[in-house]
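Got the model open in your viewer? Here is a tour, stop by stop, with something to select at each one.

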Amino acid sequence: MGLWIIRTFFLILCILTGFYSFPNQKILGILIGFFGSIGVIGIEILIGKAPWRKLILAVGGLIIGLLTAILLANFFLLIPFEEQKTENLIRFSLYFVFSYLGVMVGIKGFEELGFIFPFLSTLKEGERLLIVDTSVLIDGRVYELMKSGFIDYKLIIPKFIIKELHGLADCSSDIKRQRGRRGLEVLNKLREDKEIDVKVYDIDYLDIEEVDTKLVKLASKLNAAILTNDFNLTKVAEVQNIKVLNLNTLTNLMRPRLMSGEEINLKIIKEGKEAGQGVGYLEDGTMIVVENASKYVGKVVDVVIDSAIQTPTGRIIFARLK
């Protein structure tokens, strides 16, 4: 409330200043004072919402941009111009353009410069960082895992992952739109929960199109692990010696182990790839291939477990009819 009183006082003061500054055009002075003060207050509010680290870099970028503009202006103006207006226009243009570029480069380089100047980064040295993939946010199990304490990492959500989720949420396909909205809902739950250590990382690699490549590059730079459900991303990251936590791998490891010789009831869903084989599934999705069971499709039969193999996409169990 106190801030708005000060802002109102500033607004009135600017209007009065404009009123007395233009004695012959008082309405124009009032309008200039009013809209000028509104603009200043708007900038002040925006600055108040910006992190102080970004403000430092923005000011630093502004100073560097102005110094660059001064040097270039002195260089170009070695050639004399007939009109002073032309010289002033060139000088103003250089100051304006390089001031803008300096501020924007300073802000966009916020996280990048954090690696050079640690006090500018919100990430602490030695923290266990885990970069979250889009597939994990859509899956949703990451929230329960973080709440339970099984994942002892600081979650990093890159801006390009959020951008991808927004793209899915706005997609014309109903399935993709639902997946995108689901991912955004999970993201909001993570950010709103005070017990979960999560940070949105304001960085993007505009020269790289593939999101997986961006994730690998960011993980390498931050010395972080990647949390994903994507098998291909897992392989690409592991080739580059980046630690990967794959939720599907965790699910496979946590499935109950059926021992050889154990008997179970199984519904045969479809025929297998080989002649005579029938295929059924456990409640957790594990596929069971049963010999000589193709004629029992749609029926529940008693089977005996023979063996099992672990594949990159999951576990497959082989059985025979009892």
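## Stop 1: a pair across two strands

Start by selecting Arg320, which is partly exposed, with a relative accessible area of 39%. Keep in mind as you click around that this is a predicted model. Now add Asp306 to the selection: its side chain meets that of Arg320 in a salt bridge, 2.3 Å from N to O. The two come from distant parts of the chain, with Asp306 in strand β9 (residues 300-311) and Arg320 in strand β10 (residues 314-321), 14 residues apart. Asp306 is partly exposed too, at a relative accessible area of 33%. As a general point, side chains of opposite charge can pair when their charged atoms come close.

## Stop 2: zoom out

Show the whole chain as a cartoon for a moment. You should be able to trace 12 helices and 10 strands. How much of the chain is buried? Of its 322 residues, 35% are. Switch to a surface and you're looking at about 20500 Å² exposed by the chain, 62% of it supplied by carbon and sulfur atoms. There is also plenty of long-range contact: among contacts between residues at least 6 apart in sequence, 59% join residues at least 24 apart.

## Stop 3: more salt bridges

The structure holds six salt bridges, and you've already visited one of them, Asp306 with Arg320. Next, select Lys147 and Asp193, another salt bridge, where the closest N and O atoms are 3.1 Å apart. This pair also links distant parts of the chain: Lys147 is in helix α7 (residues 141-148), while Asp193 is in the loop between α9 (174-192) and β3 (198-201), 46 residues away. Which of these two partners is buried and which is partly exposed? Lys147 counts as partly exposed at 39% relative accessibility, whereas Asp193 counts as buried at 13%. Add Glu195 to the view as well, since Lys147, Asp193 and Glu195 are linked in a network of salt bridges.

Then pick Asp139 and Arg141, whose side chains meet in a salt bridge at 2.7 Å, N to O. Asp139 is partly exposed at 25% relative accessibility, and so is Arg141, at 31%.

## Stop 4: under helix α8

Select helix α8, residues 159-169, and show its side chains. Phe160, Ile161, Ile162, Leu165 and Ala169 are buried here. What covers them? Turn on the surroundings and you'll find, among others, β1 (129-132), α6 (134-139), β2 (154-158), α9, β3 and α10 (211-222).

Stay with α10 and click Lys214, which is in that helix. Is this lysine buried or exposed? Lys214 counts as buried, with a relative accessibility of 8%. To see what is around Lys214, leave aside its neighbours within four places in sequence and show its contacts: Phe160, Asp204, Tyr205, Ile208 and Glu209.

## Stop 5: two helices crossing

Keep α10 on screen and add helix α11, residues 231-239. Their axes come within 10 Å and cross at roughly 35°, and the crossing is right-handed. For the residues at the meeting point, show Asp212, Leu215 and Val216 from α10 with Leu233, Val236 and Ala237 from α11.

Just along from there, in the loop between α11 and β5 (244-246), select Asn241. Its phi is positive, about 60°, although Asn241 is not a glycine. This asparagine counts as exposed, at 73% relative accessibility. For another of this kind, go to Asn292 in the loop between β8 (287-291) and β9. Asn292 also has a positive phi of about 60° without being a glycine, and counts as exposed at 54%.

## Stop 6: greasy spots outside

Back to the surface view. Colour Ile27, Leu31, Phe34, Phe35 and Ile38, which make a nonpolar surface patch of about 500 Å². One of them, Leu31, is in helix α2 (residues 26-49) and counts as partly exposed, at 42% relative accessibility.

Last selection: Phe92, in helix α4 (residues 84-108). Buried or exposed? Phe92 is exposed, with a relative accessible area of 54%. If you draw a distance from its C-alpha atom to that of Ala69, 23 residues apart along the chain, your viewer should give 9.1 Å.

Terms used
Residues are numbered from 1 along each chain as its sequence is written. This is a predicted model: local features need pLDDT of at least 70, side-chain atom pairs count only at pLDDT 80 or more; totals for chains, interfaces and linings use all residues. Side-chain values use heavy atoms; hydrogens and water are left out. A salt bridge is a side-chain nitrogen of Lys or Arg within 4 Å of a carboxyl oxygen of Asp or Glu. Buried means under 20% relative accessible area, exposed over 50%, partly exposed in between (1.4 Å probe, protein chains only). Helices (H or I, at least four residues) and strands (E, at least two) are DSSP runs, numbered from the N terminus. Patches are made of residues with over 30% relative accessible area and no salt bridge: like charges are joined within 9 Å, nonpolar side chains (Val, Leu, Ile, Met, Phe, Trp, Tyr) within 5 Å. Accessible areas come from the Shrake-Rupley method with a 1.4 Å probe; for residues, only the protein chains shown count as cover. Contact means heavy atoms within 4.5 Å. Axes are lines fitted to C-alpha atoms, for helices over the stretch in contact, and angles run from 0 to 180 degrees between N-to-C directions. A crossing is left-handed if the near helix is turned anticlockwise from the far one by less than a right angle, and right-handed if clockwise.
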